[in-house]
Amino acid sequence: MKRAVIVGTGRYVPPRVVTNADLTRWMDTSDEWIRQRTGIEQRYWVEEGVRTGASDLGLAASQRAMAKAGWQAEDIDLIIFATLSPDLFFPGSGCLLQHKLGLSATPALDIRQQCTGFIYGLATADAYIRSGMARRILLVGAEVHSSGLDISTAGRDVSVIFGDGAAAVCVEAVDSDAPLGVLGSVLHANGALAESLMTEAPASREWPRLTEAMLRERRHFPTMDGKSIFKEAVRRLPEVTREVLEATGLALEDIDLFIPHQANFRINQFYQQSMKLPEKKVFHNIQRYGNTTAASIPLALDEAVEMGLVGQGSTVMFLGLGSGLTWAAAVHRF
Ligand code: ACO
């Protein structure tokens with residue numbers, strides 16, 4: 001039986017650290033407010049004015065993951081790129097990354113699922129591998145949020161949260177009857193809540209897609225109904241946990257480490273307490289990176305691997321909720 005197994009992980013963040021104190025130079029906020037409400041202490045943002053897109057960060061993360069997996073670019077037979085901040089309106093960042101890897105015909109697929117992009121991507125990689133359509137898939141989550149944030153006081157509820165960064169995993173087909181690799185995944189979306197977290201412009205439904213009025217009205221910046229998303233998250237994350245356990249026939253105790261999307265430390269703390277999990281079983285790194293959206297789960301995974309929290313035989317659950325709304329979970333055994 002073909003199994004989709006993660007055989008290499010890598011991450012990359014730009015060198016520029018932006019602390020909460022730095023943010024107070026541009027907006028009315030405080031280190032205390034940000035730490036208390038979100039747990040975030042700092043994030044990484046790309047250098048202003050230096051043309052850096054999601055595919056550039058994705059390239060650096062991919063090279064690290066591929067080095068660990070022992071892959072050359074030519075080994076890849078599909079690229080899956082998850083981002084909400086693509087380099088261009090179109091074509092997708094996956095195509096740009098493909099070229100930067102020196103490839104010229106390898107298929108590349110973009111996924112626009114925001115915070116659950118990595119889980120949707122992993123489920124897609126699993127399906128491709130199990131069906132025999134691909135054997136080696138590079139799955140990347142990458143975001144450059146900082147060039148699209150309103151860093152004035154008007155945008156402070158959103159802009160303090162987001163960080164730039166990328167992470168990649170190499171997913172390989174392994175022929176094995178043992179339960180290994182992706183053991184199961186559950187994906188959900190509810191488009192009725194699409195506008196609770198969105199960037200409205202530029203938009204194909206507008207004519208033209210971007211006007212000076214839209215810029216004046218700041219419709220090109222993300223908006224978020226934070227409270228309702230918080231409530232959705234604390235309801236949906238336990239729910240999807242139970243669903244994926246049922247789908248895989250596992251019990252909560254079989255999971256060695258839970259790697260939730262890093263949207264808010266308080267959401268993940270609430271999750272840990274409501275599921276009655278020991279603190280050390282839920283991984284957090286939002287303090288140092290902020291919310292890197294599609295990159296957040298693989299970035300956390302790469303750190304957990306480096307810290308020795310995930311190794312051969314570890315069973316890990318990935319889970320998250322975000323814009324779409326989308327929510328999802330997957331279980332992987334290393
Ligand atoms: N600094 C200081 N004060 C602020 C800031 C800030 N950065 N932002 C908002 N405030 C103020 C507000 O103006 C408000 O003031 P008021 O009481 O005088 O009106 C007060 O703080 C409370 O604001 P709330 O928005 O009610 O704060 P809340 O406790 O809800 O925290 C937060 C906001 C952190 C955004 C929270 O709602 C949250 O984390 N929500 C979930 C986010 C999430 O999970 N998103 C999905 C993933 S991201 C994705 O999919 C791309």
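User: What makes the pair formed by the side chain of Lys227 and an oxygen atom of the ligand a polar contact?

Analyst: In this predicted model, an N or O atom in the side chain of Lys227 is 2.6 Å from an oxygen atom of the ligand. A polar contact is a pair of N or O atoms within 3.5 Å, so the pair at Lys227 qualifies. The protein covers 76% of the 1000 Å² of accessible area that the ligand has on its own.

User: How do you know that Arg37 and Arg156 belong in that category too, and what are the distances?

Analyst: For Arg37, an N or O atom of the side chain is 2.7 Å from an oxygen atom of the ligand, and for Arg156 a polar side-chain atom lies 3.0 Å from a ligand oxygen. Both values fall within the limit of 3.5 Å, and therefore each pair is counted as a polar contact.

User: Why is the ligand said to lie between domain 1 and domain 2?

Analyst: The ligand lies between them because domain 1 (2–175) and domain 2 (181–333) both give residues to the shell around it.

User: Which residues are the closest to the ligand, and how many surround it?

Analyst: The ligand is surrounded by 27 residues, and the closest are Thr29, Arg37, Cys115, Lys227 and Asn264. By class, the shell divides into 13 nonpolar, 9 polar and 5 charged residues.

User: Where does the ligand sit, and which elements give two or more residues to its shell?

Analyst: The ligand sits in the second largest pocket. The elements that give two or more residues to the shell are α2 (31–38), α6 (156–159), α8 (226–248) and β12 (315–322), and α8 supplies the largest share, 4 residues.

User: What is the omega of the peptide bond between Ala201 and Pro202, and where does Pro202 lie?

Analyst: Ala201 and Pro202 are joined by a cis peptide bond with omega about 0°, and Pro202 lies in the loop between β9 (197–199) and α7 (212–216). A cis peptide bond also joins Trp207 and Pro208, where omega is about -5°, and Pro208 is likewise placed in the loop between β9 and α7.

User: What is notable about phi of Lys276?

Analyst: Phi of Lys276 is near 55°, a positive value in a residue other than glycine, and Lys276 is placed in the loop between α9 (265–274) and α10 (286–289).

How values were computed. Residues are numbered from 1 along each chain as its sequence is written. This is a predicted model: local features need pLDDT of at least 70, side-chain atom pairs count only at pLDDT 80 or more; totals for chains, interfaces and linings use all residues. Side-chain values use heavy atoms; hydrogens and water are left out. A residue is near a molecule or strand if one of its heavy atoms lies within 4 Å of it. A polar contact is a pair of N or O atoms within 3.5 Å; within protein, one must be able to donate a hydrogen and the other to accept it, and residues adjacent in sequence count only if both atoms are side-chain atoms. Accessible areas come from the Shrake-Rupley method with a 1.4 Å probe; for residues, only the protein chains shown count as cover. On a 1 Å grid over the protein atoms alone, a cavity is a set of points where a 1.4 Å probe fits but cannot get out, and a pocket is an open set with protein on both sides within 12 Å along at least five of seven lines; lining residues have an atom within 4 Å of a point. A molecule sits in a cavity or pocket if more than half of its atoms lie within 2 Å of its grid points. Ala, Val, Leu, Ile, Met, Phe, Trp, Tyr, Cys and Pro count as nonpolar, Asp, Glu, Lys and Arg as charged, and the others, Gly among them, as polar. Domain bounds come from an automatic or database domain assignment.
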